[in-house]
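Work through the following exercises with the sequence and the model side by side. Each task is followed by a solution that goes step by step.

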Amino acid sequence: MKDLTRRQFGAGGAATAAAALASASMPRFASAQTHAESRQFPQGFLWGCATAAYQIEGGAAEDGRGPSIWDTFSHTPGMVTNGDTGDVADDSYHLYKEDIRLLKNLGVATYRLSISWSRIFPNGTGQPNPKGLDYYSRVVDELLANNITPYLTLFHWDLPEALKGGWQSRDTSKAFAEYAAYVTKHLSGRVHHWMTTNEFSCFTDLGYKDGTNAPGLKLAPAQVNQVRHNGILAHGLAVQAIRANTPSGTQVGLAENASTFVPVIETPEHIEAARKATRDENAPFLTAVMEGKYLAKYLALEGANAPKVAPGDMEAIGSKLDFVGLNVYTADYVKADGSPSGYAILPRPASYPHMAATWINVAPECVYWGIRNVTDLWHPPALYITENGCASDDVPNAAGQIDDTDRLMYLRNHIGNLHRAAAEGYPIKGYFLWSLLDNFEWIAGYTKRFGIHYVDFKTQKRTPKLSAEWYRNVIARNAVE
Ligand code: PNW
């Protein structure tokens, strides 16, 4: 009965709307009407795209670059789908000017890219390789010549192979700070925005606990916690090193895929549960960075396996940041449950939607709640979405066009949630779409396409997808429909 009523109402509504349209003299899809309904972003909002060195550059043995753990790992049989490697990737090492033209055509204000540590220090530490820095210097010049502001990430997983023990050794954290000091000192006249590390859990847990990513180890809990500690310590020491080697005004932050929690219903109790979950579930990483300490309950939970902390570590780790960058792709839903923790994370139903990268469930509210939870907990002066995007099964049609309407759906919903955060006054300054180009998607090799430009990996031809045209329109209007 209820259902019938709703359907009748629906039909009536549609009929009324149709009558109104028929009597109106305006063209049915007048653009003025569409734009009046669009959601405008604040003036000066920064639109950008993101990439990472090992995923796009290729040129693996060029100009003195040393190997990274991802070279070794991808060349180990069975580790990456199809035995794909980053040896050539998008060949952006040679085609960077073409890639910057793609950025220019989109109209972006910013570009987030990463630096390959082993191009700069082939042995991770010691003697720098000037040709490595020259490459990034040319890229930066080309970006600036096109009025695109570079945002540079110092570490996006491609750890120099030569560093003994990798992230198991705190010497690696110190080497990272030296590398950070060297690069920022040389580029700080032209680059004013730096991110230290990308996604702690991916280069620590996936590499040293689960063993699915480089270097492919499965260590015991105490060792894993030490690896995590060395990761956040590297970030902290790098922040100090950057501050000491760059002029004031240089902006320092990180790019972190903090676990993101959405309240099941927007009531005060569930909102508080989402906030608590954000703080507790990110205890080894973002929480420690933002608070300069490990939560007592994290230390109690880990007991004898808790990380060993040297004097000065937590002070470095808690260094004040100019911005927090969030890489957000997904979320989990939480509710207040009256338990001691105050929250329950709901299991994801098997029918939960996902895109072509099936490990990422689609929860568009992640963008809004990612920004809101972090701001409400720690009040950073500024935030960016440093990554957001999705993989699609893109197939060029007979005319060679890629109509990735599913990616449009993903982006429209996520950028809509970004708008909500901006409209409510959260200090969100910009958005970097992952990714400019299809690229080496780590253990999935070239089988997962995240780009808004299609790359034919045989010819290196780049073709804008429909999503690139859509994003260009968002940027031009500074609004999302
Ligand atoms: C990011 N998740 O990782 C990385 O920073 C990129 O290098 C990578 O290509 C991109 O996402 C796409 O996978 C992710 O939990 C880490 O949903 C975690 C998640 C998603 C992406």
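A polar contact is a pair of N or O atoms within 3.5 Å; within protein, one must be able to donate a hydrogen and the other to accept it, and residues adjacent in sequence count only if both atoms are side-chain atoms. This is a predicted model, in which local features need pLDDT of at least 70 and side-chain atom pairs count only at pLDDT 80 or more, while totals for chains, interfaces and linings use all residues. Residues are numbered from 1 along each chain as its sequence is written, and side-chain values use heavy atoms, with hydrogens and water left out.

**Exercise 1. Describe the polar contacts and the cover of the ligand.**

Step 1. Begin with E441, where an N or O atom of the side chain is 2.6 Å from an oxygen atom of the ligand. The protein covers 86% of the 460 Å² of accessible area that the ligand has on its own (Shrake-Rupley method with a 1.4 Å probe; for residues, only the protein chains shown count as cover).

Step 2. Add N198, which places a polar side-chain atom 3.0 Å from a ligand oxygen atom, and Y329, for which the corresponding distance is 3.1 Å.

Step 3. Turn to the shell, where 16 residues surround the ligand and Q55, H156, E199, E441 and W442 come nearest (a residue is near if one of its heavy atoms lies within 4 Å). The shell divides into seven nonpolar, six polar and three charged residues, where Ala, Val, Leu, Ile, Met, Phe, Trp, Tyr, Cys and Pro count as nonpolar, Asp, Glu, Lys and Arg as charged, and the others, Gly among them, as polar.

**Exercise 2. Locate E199 and state what is unusual about its backbone angle.**

Step 1. E199 lies in the loop between strand 5 (193–198) and helix 9 (200–203); helices (H or I, at least four residues) and strands (E, at least two) are DSSP runs, numbered from the N terminus.

Step 2. Although E199 is not a glycine, its phi is positive, at about 60°.

**Exercise 3. Find two cis peptide bonds and place them.**

Step 1. A214 and P215 are joined by a cis peptide bond with omega about 5°, and P215 belongs to the loop between helix 10 (205–209) and helix 11 (221–245).

Step 2. W434 and S435 are likewise joined by a cis peptide bond, with omega about 15°, and S435 is in the loop between strand 12 (428–434) and strand 13.
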